[in-house]
Amino acid sequence: MYVVSILESRPALSRFLSASLPEALRQEIDLCSAQGMGPEQQADLLVVSPDLAERDIRPPACRAALVPGRLSPLAGEIPAQWAVSYGISPKDSLTLSSLGEEAISLALQREVVTLGGSCLECQELCLPHGGHRAPMHVLACAGVQLMLGVPPDQVRVAPAAPQAAGG
């Protein structure tokens, strides 16, 4: 069982991952808050939320980190063996290639090593749009799956929950 820790200012990403990761994968991981981890604990994967605003947070130790590209300076402060960036910049390892009404295309722009030690080659992934309004969360969700060793052609993001009327 992998420990996946989420570093965030508010619980938006952890809620998204809890609702959007495939059920079988959720059974195989311990998804927890980075702020709740003790100094002696180490996550297998630390996922940094795209909306992280607090600069004085001390990231816990981890084997690997998934970090938004815009927060790349934070990657140097994370005690990790390696980091993978995600975001909308051409410099990010996992990025949004296109966003349509029916599908979201993601691009893996660099080789990425999974927690299991496999190497993923550069490639495109096409996911159903699913009504999601937060592309950065979709990128993080796909990145978590790839880092955990889910084959790229099996990466899935559950459809967004229907919006309440008037909301």
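1. Start with helix H4, residues 135–147 in this predicted model. H4 lies across six strands: E3 (43–48), E4, E5, E6 (94–99), E7 (103–108) and E10. Against E6, the helix runs at about 130 degrees.

2. Now the sheet under discussion. Eight strands make up an open sheet with mixed pairing, and the order reads E2-E1-E3-E4-E5-E6-E7-E10. The edges are held by E2 (29–33) and E10 (123–128); each has a single partner strand, so one side of each is left without a neighbour in the sheet. On average, neighbouring strands are turned by 20 degrees against each other, direction ignored.

3. Take the E2 end next. Strand E1 (residues 2–7) runs parallel to E2, and five bridges join the two. If you want a residue pair to look at, Val-3 stands opposite Asp-30 in E2. E1 also pairs with E3 in the parallel sense, over four bridges. There, Ile-6 has Val-47 in E3 as its bridge partner.

4. Further along the order come E4 (residues 62–68) and E5 (residues 82–87), another parallel pair, with five bridges between them. Ala-65 is the residue to click on here, as it stands opposite Ala-83 in E5.

5. Have a look at Ala-107 in strand E7 too. Is Ala-107 buried or exposed? Its relative accessibility is 8%, and the cut-off for buried is under 20%, so Ala-107 counts as buried. Leaving out residues up to four places away in sequence, Ala-107 touches Ser-93, Leu-94, Thr-95, Ser-97, Gln-123 and Glu-124. Of those contacts, Leu-94 turns up again in the cavity lining below. As for Ala-83, the residue from the previous point, its C-alpha atom is 17 Å from that of Ala-107, with the two residues 24 apart along the chain.

6. Last, the cavity. How many cavities of 30 Å³ or more does a search of the whole structure find? One turns up, and the space in the largest cavity comes to about 30 Å³. Its lining consists of Leu-66, Val-84, Leu-94, Leu-108, Val-112, Gly-143, Leu-146 and Met-147. Which element gives the most to that lining? H4 does, with three residues, which brings us back to the helix that lies across the strands. By class, the lining has seven nonpolar residues and one polar residue, with no charged ones.

Terms used
Residues are numbered from 1 along each chain as its sequence is written. This is a predicted model: local features need pLDDT of at least 70, side-chain atom pairs count only at pLDDT 80 or more; totals for chains, interfaces and linings use all residues. Side-chain values use heavy atoms; hydrogens and water are left out. Two strands pair if DSSP finds at least two bridges between them. Axes are lines fitted to C-alpha atoms, for helices over the stretch in contact, and angles run from 0 to 180 degrees between N-to-C directions. Contact means heavy atoms within 4.5 Å. On a 1 Å grid over the protein atoms alone, a cavity is a set of points where a 1.4 Å probe fits but cannot get out, and a pocket is an open set with protein on both sides within 12 Å along at least five of seven lines; lining residues have an atom within 4 Å of a point. Grid points are joined across faces, edges and corners, and a volume is the space filled by probe spheres set on the points. Ala, Val, Leu, Ile, Met, Phe, Trp, Tyr, Cys and Pro count as nonpolar, Asp, Glu, Lys and Arg as charged, and the others, Gly among them, as polar. Buried means under 20% relative accessible area, exposed over 50%, partly exposed in between (1.4 Å probe, protein chains only).
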